[in-house]
Amino acid sequence: MTTQTSTNYCSSMVTPLKRVFVKHPKDAFISQAHLKENWQRFNYIEEPNFDESIKEYEDFLSILKNHVPTINFLPQFSQVGLDSIYTHDPVKFTKHGAIILKSGKELRQSEAQVYKEFLKENGIPILGELTGEAVSDGGDLVWLDERTLVVGLGYRTNLEAIHQLKTITKDLVDEFIVVQLPHDQGENECLHLMSLISMVDHDLAVVHSRLMPVFFRQLLIQRGIKLIEVPDEEYLNLGCNVLALAPRICVMIEGSELTKKQLLDAGATVYEYKGKEISYKGTGGPTCLTCPVVRT
């Protein structure tokens, strides 16, 4: 892997994606036998089909390869589980390097330390690390713009993490906005801030307003961000989980036709992949499958 020498890492959700960390299902799911033994423990909707997950992932990768110059693969580690395929959550990148997080899902907490060693080995700066009782997932941290960080307060990110994140990012962030997340389907389900919003351009977001606090929705509108509303049935299909490869160039799971049409009508280019095995069953869409390292 080539060491990134620039200090300008990632403090955007939408600018052109230049470098990304991913993890192949062959290194996260490992085998059908491994899936059979672990899928219920990790609270998956169903047992993924290993062979199909490989096919789906290769299709997803083919989209990434056409748009992202550098794709780095996290290797297989015995210390981590099925969810390590969702590389977005253990760290969050800022302009000056990575923040090492600690998941609110206990089964995922070992991923942070493995990730930390991976970053060190590859010469990537670490800006800070959550300590003590702080827990947070990358899916709860959204860059609204380069100097505005929005953090979801819920079952995966607690108040102590928010206090520590404010301190770590104090020189990088002008506005630190806390959004309280709803109980929704309960403590054992994965509800992130990014379950409710995906930035597709600086002035365009895919949202599920029904679960969104009024103040946050109003704030987006006041900032001139056009909202694409995801209906309930498509929200359950991860239709709100849209990865921007560049402004108004995005990738989503197939099957959310109403959301896709609204994106197209807004001038976006939309790529789709079949994500039943690698996304829906583990409830992690294309943003979850990718950890943006550099955007320019």
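**Notebook: a three-strand sheet and its surroundings**

I started with one residue pair: Trp143 sits opposite Leu149 of strand S7. Note to self: this is a predicted model.

Next I looked up the strands around that pair. S6 and S7 (residues 148-153) run antiparallel to each other, with four bridges between them. General reminder for my margin: strands in a sheet pair through backbone hydrogen bonds, either parallel or antiparallel.

Then I asked which strands make up the whole sheet. I found three, in the order S6-S7-S8, forming an open sheet with mixed pairing. S6 (141-145) and S8 (175-180) are the edge strands, and each one pairs on one side only. I also checked the twist: ignoring direction, neighbouring strands here are turned by 25° against each other on average.

What packs on this sheet? I looked, and helix H6 (residues 214-222) does, touching S6, S7 and S8. The direction of H6 makes about 140° with that of S8.

On to helix H5 (residues 159-168). I wanted to know which of its residues are buried. My list reads Ala161, Ile162, Gln164 and Leu165. They lie on the same side of H5, because the arc they cover around the axis is only 165°. The spacing made me jot down a rule: an α-helix has 3.6 residues a turn, so residues three or four places apart point the same way. I followed the buried residues of H5 outwards and saw them pack against S6, S7 and S8, and also against strand S4 (97-100) and strand S5 (126-129).

New entry, strand S9 (residues 197-201). Is S9 mostly covered or mostly open? Mostly covered, I noted, since five of its five residues are buried. S9 pairs with strand S10 (residues 204-207) in the antiparallel sense, over four bridges. I picked out one bridge there: Ser198 has Val206 in S10 as its partner. Between S9 and S10 I found a hairpin, with two residues making the join.

Last, I went through the nonpolar cores. How many residues does the largest one have? I got 53, and the residues with the most contacts inside that core are Ile197, Met199, Leu220 and Leu263. I took a closer look at Leu220. Setting aside neighbours within four places in sequence, Leu220 is in contact with Leu144, Ile197, Val207, Met212, Ile225 and Leu227. There is a second, separate core too, with 29 residues, among them Val68, Ile71, Leu243 and Cys288.

Definitions and conventions. Residues numbered from 1 in each chain as written. Predicted model: local features only at pLDDT ≥ 70, side-chain atom pairs only at ≥ 80, totals over all residues. Heavy atoms only, no water. Pairing = 2+ DSSP bridges. Axes fitted to C-alpha atoms, helices over the stretch in contact; angles between N-to-C directions. Contact = heavy atoms within 4.5 Å. Buried < 20%, exposed > 50% of the residue type's maximum accessible area, 1.4 Å probe, protein only. Arc of directions from axis to C-beta. Core = buried A, V, L, I, M, F, W, Y, C linked by side-chain atoms within 4.5 Å.
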